[in-house]
Amino acid sequence: ERTGKVLGEFCRCYREQFGVALFNSVRYEIEGAGGPQAQLLHRKVPLEDHVIYSGNIFQYIEENKKWRNRFCVVPHNYGLVLYENKLAYEREQPPRVLVNSAGYKILTSVEQYLELVNNSLPGVTPKSGHSPILKCPTDFPLVLWHPYARHYYFCVMTGKEQEKWRAVFQDCVRHCNNGISEDSRVEAPAFTDAIRMYRQSKEQYGTWDMLCGNETQVLSNLVMEELLPELRSTIGPRLKGKAPERQRTWIQVWGWGCRGVPTARPPPARRAGSGSLPSPLGSVPPGFAAPFSRPLPKNPTEEPHHPHPCSFPAFVLPKAEVCVRNHVQPYISSILEALMSPTSQGFAEAREVFFKEVTDMNMNVINEGGLEKLPEYMEKLSHLAFHPVKMQSCYEKMDQLKLEGLQQRFDVSSTSVFKQRAQIHMRQQMDDAVYTFETLLHQELGKLQGKDDLCKSIQRILERVLKKFDYDSSTVRKKFFREALLQITIPFLLKKLAPTCKGELAKFQELIFEDFASFILVENTYEEVVLQSVMKDIMQAVKEAAVQRKHNLYRDSMVMHNSDPNLHLLGEGLPIDWSEECSGQPEAEPAAERRRRAKQVVSVIQDDEGALPYGAEALLQPGSPEPREPEEAHPAMPPSPPDAVGEIREVLAQESLGDGAGAEERLMNGTEGSAASEEGVLAAGAAPGGVTQQGPARDGDRVHCATAASPAPGAEVPSGTGREPACHRRSDKETGGHGDSPPQPRGTTESGEGVQTEF
């Protein structure tokens, strides 16, 4: 009942905002407003035929209260796909669990999780000595926590492995949170504006952390935001049993509530009329085409009189300007400085990582054999932006973002919205830089002769790409700062002005001509006037920051017009397939063969078939049959910890200590510590017949050389000289995985819609 009521009200908001978004799309197309032209190329399909990561991980099964070994695959759409084992994945059997991680938080300790659970149901806290609702058999848990959805519990054996899985999970959350496509210029703005208008009608202003995921997930969060407090007050006092049992039951209760939203429907009155939410969102509600197709009147007297267009701004603008001057303007510079420092550090770190990876690749290629080895290393470099571990140092810079004091003043519930947005920009800039580099280098391949030409060309192209990166980075960051300042200040101003302006809007709506009333709304016009009142101060603050050059921002007057006019023509060609360049097979492969040879971005040592790592045999206790159905929580069976956690710890310790170094090597599945084993496999595969070939530079036999550090933004990158460069052997920081990976999981799509969250 509550779901139907909320969706019915939302459908009304959506219908109104759909007309506004349709009108604005035409308006922006005619006005042709746009920023400076990007200097870097943009890759259309970044991760086609690739998986991000795969490996074994323990999952806690709530049905039989046991920990099970699972084979987890993260495909190119960033959904978490859990199979019974690796063999089931290779045979394309249906997965056990599909998880869309939008809205989740990654916790690395059971204490963090228990604290969140205790806060979700006030007054229910287990006493000391009582068994907690979750026990982990290792010291390295990974918990996927969601305020309104089902939780997922994992664990691994080593700290390095925990860090790698944590980086992968965070990348999945970051990608899935951005689930509403920005390519749509009508449906997406209409949906997000309808969410904002609905929440403002409930007196809820400010940023909303749960505006994440696809449309179904966002609507589920919208319903649960209103429903959960009522469930807590109604059902909470009626829960029976000890504190841990009540907590387990409460976790299931909010999971049941959230599962009911995707299957719910609006009230009959909303379903029958045109006010229902278009499904899919691409359909246009009837009646919107009429105002655009009707001819304009030849004589102004044929139409009713309209009020002067300045009457409404004249009513709102003076009040808004006073509010801006008194409550916003003094704090704009402080907010901007808090945003600029971590964001600029993150982009600078991305620039440094790109420079280092290209320089290391240049050394390794020259040391190994020149042009013959280039495609192999370029295949790895091409997915640098999607390597969660290597990009982690860039993302971590945004953890420094804090709006202390300002956060309470402007009613900003959390800074996670701005952190994730900046991180997405970093990843996009990195991928654009890598794609531009490989496009320019691919163009030069036919002209190169020998190692000397190759080394000089790589250095020269790197210099060109870094200059383009600096310019695009400045443009992207300035746009991000402006948008973030608007997201912080506009809701605050609307809340401040609501008592004096909100009640007067209805009389202005009545003055709008009927044909235009479907796409010109007073509420939207009111927000535009408020935006104009503060936009001048925001633009001036960002401009002054660029003049200071404190964070390597270019001035607005510095515009690179057609600095490389032929570059964008190269980007319109077919995508470069470095695997074909490496194998020397230009002919097209069958689709099934390409699917079988899907590459993996993050390297991992795959376990032998039939072997269960981590002492999983001890976890699979006799007499506990594996459930064959997908692991949905049963209402009559609340989750509880395993009965023999102490035994599991003991067996795991014995297994890991008994095998010594061999066990340590076997347990470090997919960790950086297993690089030696990976290199050994590579060396063996590269030298058939037992002939040892010179491999890539490694840490064990490193020969140091004088290598130029990453130049400061705007500085010249030294090009190669006429003689052979002194490129010595260094560590190979790999971007891609080794060997072929099994086929992609069935049931997933590139858009991510095929992987739905299991609530």
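**View 1. Asn77 sits in the loop between β2 (66-75) and β3 (80-83).** We start with a small detail of this predicted model. With a relative accessibility of 4%, Asn77 counts as buried, because the cut-off for that label is under 20%. Look for its side chain: that of Asn77 reaches the backbone nitrogen of Gly79 at 3.2 Å.

**View 2. Helix α5 spans residues 187-201.** From first C-alpha to last, the 15 residues of α5 reach 21 Å, close to the 21 Å expected at 1.5 Å a residue. Which residues of α5 are buried? They are Glu187, Ala188, Ala190, Phe191, Ala194, Ile195, Met197, Tyr198, Arg199 and Gln200. The partners to find around these buried residues are α1 (2-31), α6 (215-235), α16 (450-501) and α18 (522-548), against which they pack. Follow the chain just past the end of α5 and you meet Glu203, which takes a positive phi of about 65°.

**View 3. Tyr14 and Phe18 form a tilted aromatic pair.** Their ring centres are 5.8 Å apart, with 55° between the planes. Tyr14 and Phe18 are four residues apart in helix α1, so about one helical turn separates them. Both of these residues are buried. Widen the view a little and ring pairs link Phe10, Tyr14, Phe18 and Phe191 into a cluster; Phe191 is also among the buried residues of α5.

**View 4. Tyr60 and Trp67 make another tilted aromatic pair.** Here the rings lie 5.3 Å apart, centre to centre, and the planes meet at 45°. Are these two residues buried or exposed? Tyr60 is buried, and Trp67 is too.

**View 5. Phe354 and Phe437 touch the most other members of the largest nonpolar core.** This core holds 110 residues, and α16 gives the most to it, with 22 residues. Why does the core lie between two domains? Domain 1 (51-179 + 232-244) and domain 2 (322-570) both give residues to it, so it lies between them. Leaving aside residues up to four places away in sequence, Phe437 touches Phe354, Val358, Met361, Met378, Leu381, Ile458, Ile461, Leu462 and Val465. Apart from this core lies another, of 49 residues, including Leu22, Leu107, Tyr113 and Tyr148.

Technical notes
Residues are numbered from 1 along each chain as its sequence is written. This is a predicted model: local features need pLDDT of at least 70, side-chain atom pairs count only at pLDDT 80 or more; totals for chains, interfaces and linings use all residues. Side-chain values use heavy atoms; hydrogens and water are left out. Helices (H or I, at least four residues) and strands (E, at least two) are DSSP runs, numbered from the N terminus. The expected span of a helix is 1.5 Å times one less than its number of residues. Buried means under 20% relative accessible area, exposed over 50%, partly exposed in between (1.4 Å probe, protein chains only). Contact means heavy atoms within 4.5 Å. A polar contact is a pair of N or O atoms within 3.5 Å; within protein, one must be able to donate a hydrogen and the other to accept it, and residues adjacent in sequence count only if both atoms are side-chain atoms. A nonpolar core is a set of buried Ala, Val, Leu, Ile, Met, Phe, Trp, Tyr and Cys residues joined through side-chain atoms within 4.5 Å. Domain bounds come from an automatic or database domain assignment. Rings of Phe, Tyr and Trp (its six-membered ring) pair if their centres lie within 6.5 Å; planes under 30 degrees apart count as stacked, over 60 as edge-to-face and the rest as tilted.
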